[in-house]
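Reader: Hi! I'm new to protein structures, and I'd love a close look at the aromatic rings in this one. Could you walk me through them?

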Amino acid sequence: MSLHAAPVAPLAIRYEHAALDALLAADDVLAVIGFGRAAPASDDPRVLRVGLEPLVAEVAPFEVWRGVAPVRHGRDGELAWSSDGEHLFFAIEVDEAAHGGIGGAAEHAYACLGPFVAASDTPHILRLWNYLDAINLGDGDDERYRRFCAGRARGMDAHVPARYPAATAIGRHDGVRRLQVYGLAARHAGTPVENPRQVSAWRYPREYGPTAPTFARGMRTASAELLISGTAAVVGHASRHAGDIDAQLDETIANLQSLAIEAGARPPGLDGHSVMKAYVRREADAPHVAAMLHARLPSLGGLVLLGGDICRRELLVEVDGVHVLGD
């Protein structure tokens with residue numbers, strides 16, 4: 001697919017302050033994602049409560065995905081799913097203890113979701129989110145993030161026979177050893193986009209672990225949206241500005257803008273068509289992160305700040321999101 005193929009009907013992703021029951025009553029709602037302990041739980045397969053606490057605001061808005069046609073939903077084994085025929089939301093939560101730890105849990109999650117998505121009418125995985133407790137615990141190759149990467153690669157290589165999707169992996173602070181994975185698939189394949197300022201993640205050298213992370217920096221969809229992976233202050237393959245939140249944010253924003261331009265956005269890249277999540281390691285940094293992002297990206301369509309650990313211990317902030325590309 002060309003980077004500039006004719007778009008199909010887009011999925012709308014935005015933040016909404018509304019009652020959960022009211023959201024679920026709409027027949028176009030594909031997913032409702034809540035954040036933190038205050039978010040309501042539900043047995044509806046379209047609802048996922050992520051164990052990351054909101055920062056700045058006590059209660060975060062819901063992240064709502066609205067499809068292009070009436071939505072069907074259900075469960076298949078451990079997987080929850082919903083589909084409008086063009087897009088597929090899927091989610092799985094895996095108890096680490098039942099699979100020998102985070103590596104086995106990641107392998108199991110991907111072994112479940114891969115065949116399910118491949119057999120559906122929407123077989124192309126575009127975007128994945130991975131949330132796990134204590135992502136930086138452990139030394140060297142025993143670090144939980146590195147073990148997660150190894151398990152994810154095993155499951156993905158065996159069960160996801162496609163190009164790497166865009167992805168995020170963030171550490172929760174809740175002490176719950178349960179891996180949460182959710183994602184977006186589509187009827188039409190997307191086009192992976194790499195950032196010219198960064199080494200592709202799957203090409204990282206051995207110093208970052210025995211198994212390189214398996215994700216693209218972004219994914220341009222057939223509906224002309226850029227799904228932006230977790231992005232931090234990494235240039236080439238090296239972290240920059242350890243301990244300096246301002247410099248890390250500057251570098252992160254430079255990476256976001258670079259990726260957007262590479263995907264076809266007009267310079268400077270991000271604008272009011274961008275909806276972002278920022279993951280902040282130190283809670284005390286959150287108001288400053290929010291102020292700086294709003295100052296540097298004044299027309300953002302939405303921003304939520306969440307407490308979470310980045311995959312590298314020296315990194316203080318990571319940002320992901322979606323940007324609707326112009327004509």
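Author: Sure! Let's start with what counts as a pair: rings of Phe, Tyr and Trp (its six-membered ring) pair if their centres lie within 6.5 Å. By that rule, this predicted model has eleven aromatic pairs.

Take Trp81 and Phe116 as an example. Their ring centres are 6.4 Å apart and their planes meet at 45°, a tilted pair. Trp81 belongs to strand 6 (residues 79–83) and Phe116 to helix 2 (residues 102–118), so this pair links distant parts of the chain, 35 residues apart. Are these two buried or exposed? Trp81 and Phe116 are both buried.

Now look at Tyr131 and Tyr182. The centres of these rings are 6.1 Å apart with the planes at 45°, so this pair is tilted too. You'll find Tyr131 in strand 8 (residues 124–133) and Tyr182 in strand 10 (residues 178–186), so the pair ties together parts 51 residues apart in sequence. Tyr131 and Tyr182 are both buried as well.

There's a bigger picture for these tyrosines. Which residues do ring pairs link into a cluster? Tyr131 and Tyr182 are joined there by Trp65, Phe89, Trp129 and Tyr279.

While you're at Trp129, check what sits above the ring. Arg127 lies over the face of Trp129, at 4.1 Å from the ring centre.

How values were computed. Residues numbered from 1 in each chain as written. Predicted model: local features only at pLDDT ≥ 70, side-chain atom pairs only at ≥ 80, totals over all residues. Heavy atoms only, no water. Phe/Tyr/Trp six-rings, centres within 6.5 Å; stacked < 30°, edge-to-face > 60°. Helix = DSSP H or I, 4+ residues; strand = E, 2+ residues; numbered from the N terminus. Buried < 20%, exposed > 50% of the residue type's maximum accessible area, 1.4 Å probe, protein only. Lys NZ or Arg CZ within 6 Å of the ring centre and 35° of its normal.
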